[in-house]
Amino acid sequence: MENFTYDVIVVGAGHAGCEAAAAAANLGSRTLLVTMDMTKFAQMSCNPAIGGIAKGQIVREIDAMGGYTGIVTDKCCIQFRMLNRSKGPAMWSPRAQCDRTLFSIEWRKVLESLPNLFFWQDTVTSLIIENGKAVGVRTMLGVDCRAKAVILTAGTFLTGLIHVGRNQSQGGRVGELSSYGITEQLAELGFEVGRMKTGTPARLDGRTIDFSVMQVQRGDYPPAKFSYLPEIVPPVEQRSCYITYTSEDVHDILRTGFDDSPLFSGTIKGIGPRYCPSIEDKLHTFADKDKHQLFIEPEGFSTEEYYINGFSSSLPLDVQLRALRKVKGLEKVEIFRPGYAIEYDYFPPTQLYATLETKLVENLYFAGQVNGTTGYEEAAAQGMMAGINSHRKITGQSEVILQRDQAYIGVLIDDLITKGVDEPYRMFTSRAEYRILLRQDNADMRLTPLAYNLGLASEHRYAITMQKKAEVENLLYFIKATSIRPNEVNEYLESVNTAPINQARKLIEILLRPQVDILGLASVFPDLQIEIDKLKTSAQEVVECAEIFAKYEGYIEREQELADKIQRLENIKIPTSFDYSKLNSLSIEARQKLARIKPATVGQASRITGVSPADVSVLLVFLGR
């Protein structure tokens, strides 16, 4: 067969693969995206939603960097909600239900619009590795595709096994074949390989659901969006989700299937996700609970298919159906397909550099679930960074590594390569020590200037970000510099149950009260409303960002000072060839783990489990610090 030659080859077109291919192509690399099925770009294999706690922040960061997950989500959104509004702004997290079918269609439109991106529908059976470097892939059809770098984003397809009760079948998703050959090849090269599992619930026929007895969960109105680009406008129409609960009757039926459960029989060897457990996991772990909350979520604008969030299962089909029919509102439910568990290969991510390049094979990058993560958003973020770094490596440019105080993406990748995973990794706000800095409202101001300098964010996007930044600063200046008199504001203050003032006060002093917000002040103070009316960027974005900064300025400054101090350790590089075995002053555990992970900096070394502050001090001494 004819050889095909490219700069970068991406294996797999899930969320990681799509963002990886887009990033490499947009930066100028001639890129090939190889996928088994070109009708399933960025397929939403599990629930039809993007975002959520911390995940929403990641999507905003991807958008700020010039990625596409947020844009595609906005175009396909059927319900938008900002989660955690009752908490501080560091916890606010956008989430959107999507039209599952439209999501893949929109992704295909995006990818086919990129002039440097090419496609090949086939199955990769092996990587072409020469002299310790990845130089291409070989496919089932006998095609050799050559490249300067390869990004592996195979998701759950590597030796995938699907489980429903005692029934076991090969597959990367239901109805789709597994992939063989790559795992075996990498294992022979010395890569450590593990097994993980994830699951998904049954899909329900909405025509057989009684929604009238369920609690309605509506979206925000008007709906917000993920992308910072003003021209991206989500549909106004929204669909509702619904809430119902399991019961003791449901649990009793589910327990009758435990003997046939691959989870409890030992059939499944892979490790499952702690934070998205199957319903049988919940009954086992939370045996004292008499009910569990379930979310009935629509799969699109024009379908009656519903996703039952909270009811993932690999129990036998008859047990799943009988249990579902004991749930309030599902007494007559019919299903389109049962829930199932899927078991697949992954490669412990401590085998990667911070660029996501593998340590054993040069110019080979891993991204997504092959690194032990779970979630569309985590995968997309890794794919984007692998696409960026593969392009820069083969063009002789410096690597791009986002720091922990710079982005949730930086936290994600640093956690993976430094701490590894012992279960599918999911991002939470609690994993970020600088979450007041890493808010969803300021991702563009944090990351778009960097993306612009890299050549990933457009001139248009950069100009919008700089305008927003200037308008936030101008609004803050006005609030800090302008006074308001008692007769102008006291009636409003009393209406929100806070004390009136007896003399003129700066607007900032009033705004710092928890009951007061900028729009409330603007409703009684025309000069402030005039300032808001001048805004050319989205007034909602600018006002929200300015208000957060005003109310949390002290916390933000303290967190930034702490981040700056810690950053000093990140600036102390450790040579890759550093011989830890000679440092007898280090603990044995520290020597072993440092030698295995090979941290790039003292800062990274300090975050390795088992490396103590005393060990870090020893490193600093030997490095002349």
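In this predicted model, the salt bridges number 39, counting each pair in which a side-chain nitrogen of Lys or Arg lies within 4 Å of a carboxyl oxygen of Asp or Glu. Side chains of opposite charge can pair when their charged atoms come close.

One of these pairs is formed by Glu541 and Lys468, whose closest N and O atoms are 3.4 Å apart. Glu541 belongs to helix H18 (residues 539-570) and Lys468 to helix H13 (residues 459-481), so this salt bridge ties together parts that are 73 residues apart in sequence. Lys468 counts as buried because its relative accessibility is 1%, and the limit for buried is under 20%.

Helices H18 and H13 also hold the partners of another salt bridge, between Glu553 and Lys480, with the closest N and O atoms 3.3 Å apart. Glu553 is in H18 and Lys480 is in H13, and this pair again links distant parts of the chain, 73 residues apart. Both of its residues fall in the range between buried and exposed, which runs from 20% to 50%: Glu553 is partly exposed at 21% relative accessibility, and Lys480 is partly exposed at 35%.

A further salt bridge joins the side chains of Arg485 and Glu488, at 3.5 Å from N to O. Arg485 has a relative accessible area of 47% and is therefore partly exposed. Glu488, with 24%, is partly exposed as well. Elsewhere, salt bridges with shared partners connect Arg404, Asp414, Asp415, Lys419, Glu433, Glu570 and Arg607 in one network.

Next comes helix H19 (residues 588-597). Which residues of H19 are buried? They are Ala590, Leu594 and Ile597. Viewed down the axis of H19, these buried residues fall within an arc of 75°, so they line one face of the helix. They pack against three helices: H11 (408-419), H20 (602-606) and H21 (613-622). On the face of H19 turned away from the buried side are the exposed residues Ile588 and Gln592. After H19 comes Lys598, which has a positive phi near 55°.

The strands can be read starting from S17 (residues 241-245). Is S17 mostly covered or mostly exposed? It is mostly covered, with 4 of its 5 residues buried. In a regular strand the side chains alternate between the two faces of the sheet. S17 has antiparallel pairings with two other strands, S16 and S18. With strand S16 (residues 215-217), S17 makes 3 bridges, and here Gln215 stands opposite Ile243 of S17. With strand S18 (residues 293-298), S17 makes 4 bridges, and Tyr242 has Ile296 in S18 as its bridge partner.

Another antiparallel pairing is that of strand S12 (residues 161-164) with strand S13 (residues 167-170), which is made over 4 bridges. Val164 stands opposite Asn167 of S13. S12 and S13 form a hairpin with 2 residues between the strands, and in this hairpin Gly165 takes a positive phi near 60°.

Technical notes
Residues numbered from 1 in each chain as written. Predicted model: local features only at pLDDT ≥ 70, side-chain atom pairs only at ≥ 80, totals over all residues. Heavy atoms only, no water. Buried < 20%, exposed > 50% of the residue type's maximum accessible area, 1.4 Å probe, protein only. Pairing = 2+ DSSP bridges. Arc of directions from axis to C-beta. Contact = heavy atoms within 4.5 Å.
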